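Colleague: Before I rely on the labels attached to this chain, I would like to hear the reasoning behind each of them. Could you take me through them one at a time?

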Amino acid sequence: MSKIVTQELALVIAVKNHDPLMVGEAFLKQTGIIPSEWQLAQKPYLSQQATQLVFNNGMSIIAESERVVFSQALAERELSTIEIGEIASKYAAILKKADYQGVGINFSSFIPQPSHEAAQTYISKYVLAPASWQQVGEAPVRANVNLNFSLSGRQLTLSINPAAIQFPEQELMPVILFGGNFGYQLDAADKLTQLTNILSKWQTDLAQYQQLIERHFLTDVRDAVVIEASLPPIGDTTELKIENAPRLQPLTAAI
């Protein structure tokens, strides 16, 4: 059976009238949001529209006027070592008077494929029901799928795209790219408590997201020949290059 690799987690906090310039390395360390020993992997980007900080441990923080995005590479890390939920909760607690609106918990995953052709035909062969329109044209039809699930009082948007990714110093790897977004709205009362509770349960969302894919999108691919993923070292902050499909856009649900 194919093996799914969950590569990235992004926690997105929607907030009104947020000042991106406030979110600097000094502020994060002085307030105890991040440990003082953390070091930047590259020069920070600072503007009135957005601030971006990327750290050596693979975590990045992007602040914009309407949202703050905390992302971290998962790869082969033990879940107990993932600090992103705690960091995001500390940030919200320090800025407890901010007008928070919602939360998005996002995952980016892929399944390696033996060829670009296999990646292209995965959706039409295993996800969609056979139909005459799939035979239209001189080449196999290309399709991207977006699905919306209602799960225990929250919404999961799942995207499935054929793509190719490239790790540093490696050739392009054909893959099926999965993106998952759990969207949460915050009630008017006690938003900070709701926000903290949601952020603390990202592992529950990850388990349900992975279970959904493994049970319903991999079970029919038993005869596929799949190569093993060769992942970069933990903490490598080099950007993955993805072709033929967009990366997961870490957006919250409509609020």
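**Reasons behind the labels**

Modeller: Let us begin with Thr121, which is found in helix α3, residues 116–127, and please keep in mind throughout that this is a predicted model.

Colleague: What makes Thr121 count as partly exposed?

Modeller: The relative accessibility of Thr121 is 28%, and buried would require a value under 20% while exposed would require one over 50%; the value of 28% therefore places Thr121 in the class in between, partly exposed. As for its surroundings, the C-alpha atoms of Thr121 and Val141 are separated by 7.8 Å, with the two residues 20 apart along the chain.

Colleague: Why is Asn17 called exposed?

Modeller: Asn17 has a relative accessible area of 72%, and because the label exposed asks for a value over 50%, Asn17 qualifies. This residue lies in the loop between β1 and α1 (25–30), and Asn17 has a positive phi of about 55° although it is not a glycine. Asp190, in the loop between β9 (173–185) and α4 (191–200), likewise is not a glycine and has a positive phi, of about 50°.

Colleague: How do you know that strand β1 is mostly covered?

Modeller: Of the 12 residues of β1, which runs over residues 5–16, 10 are buried, the cut-off for that label being a relative accessible area under 20%.

Colleague: And what makes β1 and β6 a pair?

Modeller: Two strands are said to pair when at least two bridges are found between them, and β1 and β6 (residues 99–112) have 11, in the antiparallel sense, so the condition is met. Val15 stands opposite Tyr100 in β6. The condition is met for β5 (residues 67–73) as well, because 7 bridges join that strand to β1, again antiparallel, and there Val12 stands opposite Val69.

Colleague: How do you know that the length of helix α5 agrees with what it should span?

Modeller: Helix α5, residues 202–216, has 15 residues and should span 21 Å at 1.5 Å a residue; its end C-alpha atoms are 21 Å apart, so the two values agree.

Colleague: Which residues of α5 are buried, and what puts them on the same side of the helix?

Modeller: The buried residues of α5 are Trp202, Asp205, Leu206, Tyr209, Leu212 and Ile213. They cover an arc of only 130° around the axis, and therefore they lie on the same side of α5. In general, an α-helix has 3.6 residues a turn, so residues three or four places apart point the same way.

Notes: Residues are numbered from 1 along each chain as its sequence is written. This is a predicted model: local features need pLDDT of at least 70, side-chain atom pairs count only at pLDDT 80 or more; totals for chains, interfaces and linings use all residues. Side-chain values use heavy atoms; hydrogens and water are left out. Buried means under 20% relative accessible area, exposed over 50%, partly exposed in between (1.4 Å probe, protein chains only). Helices (H or I, at least four residues) and strands (E, at least two) are DSSP runs, numbered from the N terminus. The expected span of a helix is 1.5 Å times one less than its number of residues. The arc is that of the directions from the helix axis to the C-beta atoms.
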